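The following exercises are intended for a reader who meets this structure for the first time. Each task is followed by a solution that proceeds step by step.

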Amino acid sequence: MNGGRMLATAARVLGQLRHDPRSIALMLIAPSLLVGLFAWLFSDQDGVFDQFGGAILALFPFIVMFLITSITTLRERRSGTLERLMTTPLGKADFILGYALAFGLMALLQAIITVSFAVGVCGLDVEGELWQLGLVAVVDALLGTALGLLASAFAQTEFQAVQFMPLLVFPQIILGGLFMPRDQMPDVLYAISDWLPLSYAIDTINAVTAGDEGWDVYRPLLVVVAFGVGALVLASLTLRRRTA
């Protein structure tokens, strides 16, 4: 891995995004709009948004970054851009980490906007520190980025990349603790949920909104980080130059 080539890749991706306002709007604005819609939907029911709003903050950035990253990376392969880049000294790890860095910066902006909107406009009650809420939102978005990069390595078309959502995303939403506390699930489903990174993302953000501190917050957060790093490693190992 070469740091200069990784930074050059990140700069190229950010340059491409600068000319794609729809993708920028989807990454930076869509999560806030979805959070606002959820808050509006339950505005007449006291406590519902405070109960589920934290988990929603973990969910929407994760989904948006998964979609954007997987489709954008796949487009690079289908257009032959990746194949041309691989004729240069650029390595697979440089490519993957450059993408992760570029989308990580977008995830940071996304987290600032979404958390500020959820707390300042929608009135989400947070007992913990706001910077911790922002940190978790960034890590969750980066997890979506890492899984999107991994999914793009196996998909042949943009449509196939979207089809990975039922495999990689929907089970995590159902079993992550959003609809039912994980400890109330049947034993088999609870055991499965222990192997899903979004479960720990929701645990972390719920801990922050509840005002928990220390290991209660950082233990599940570190698990999410470990899943993200593992997905990036697998993505770099399975990345192909071009689709068949």
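**Exercise 1. Classify the accessibility of Asp194 and of its salt-bridge partner Arg182.**

Solution. The model is a predicted one. Asp194 has a relative accessible area of 26%. Buried means under 20% and exposed means over 50%, with partly exposed in between; Asp194 is therefore partly exposed. For Arg182 the relative accessibility is 10%, so this residue counts as buried.

**Exercise 2. Determine which residues are joined with Arg182 into one network of salt bridges.**

Solution. Step one: a salt bridge requires a side-chain nitrogen of Lys or Arg within 4 Å of a carboxyl oxygen of Asp or Glu. Arg182 meets this condition with Asp194, their closest N and O atoms being 2.9 Å apart. This pair links distant parts of the chain, since Arg182 lies in the loop between α10 and α11 and Asp194 in the loop between α11 and α12, 12 residues apart.

Step two: Arg182 also forms a salt bridge with Asp203, where the closest N and O atoms are 2.9 Å apart. Here Arg182, in the loop between α10 and α11, is linked to helix α12, which holds Asp203, 21 residues apart. Asp203 counts as partly exposed, because its relative accessibility is 26%.

Step three: Arg182, Asp194 and Asp203 are joined into one network by salt bridges that share partners. The count of salt bridges comes to two.

**Exercise 3. Check the span of helix α12 and state how many of its residues are buried.**

Solution. Helix α12 covers residues 197-209, which are 13 residues. At 1.5 Å a residue the helix should span 18 Å, and its end C-alpha atoms are 19 Å apart, so the two values agree. Of the 13 residues, 11 are buried, and the helix is mostly covered. Among the buried residues are Pro197, Tyr200, Ile205 and Thr209. Just after α12, Gly211 takes a positive phi of about 90°.

**Exercise 4. Identify the residues of the nonpolar surface patch and of the negative surface patch.**

Solution. The nonpolar patch consists of Val225, Val229, Val233, Leu234 and Leu237, with about 430 Å² of accessible area together. Leu237 belongs to helix α13, residues 215-238. With a relative accessible area of 62%, Leu237 is exposed.

The negative patch is formed by Glu129, Asp212, Glu213 and Asp216. Glu129 is placed in the loop between α6 and α7, and at 47% relative accessibility Glu129 counts as partly exposed.

Note on methods. Residues numbered from 1 in each chain as written. Predicted model: local features only at pLDDT ≥ 70, side-chain atom pairs only at ≥ 80, totals over all residues. Heavy atoms only, no water. Patch = residues over 30% accessible without salt bridge, like charges linked within 9 Å, V, L, I, M, F, W, Y side chains within 5 Å. Areas by Shrake-Rupley, 256 points an atom, 1.4 Å probe, with all protein chains shown as cover. Helix = DSSP H or I, 4+ residues; strand = E, 2+ residues; numbered from the N terminus. Buried < 20%, exposed > 50% of the residue type's maximum accessible area, 1.4 Å probe, protein only. Lys, Arg positive; Asp, Glu negative; His and termini not counted. Charge placed at Lys NZ, Arg CZ, Asp CG, Glu CD. Expected span 1.5 Å × (residues − 1).
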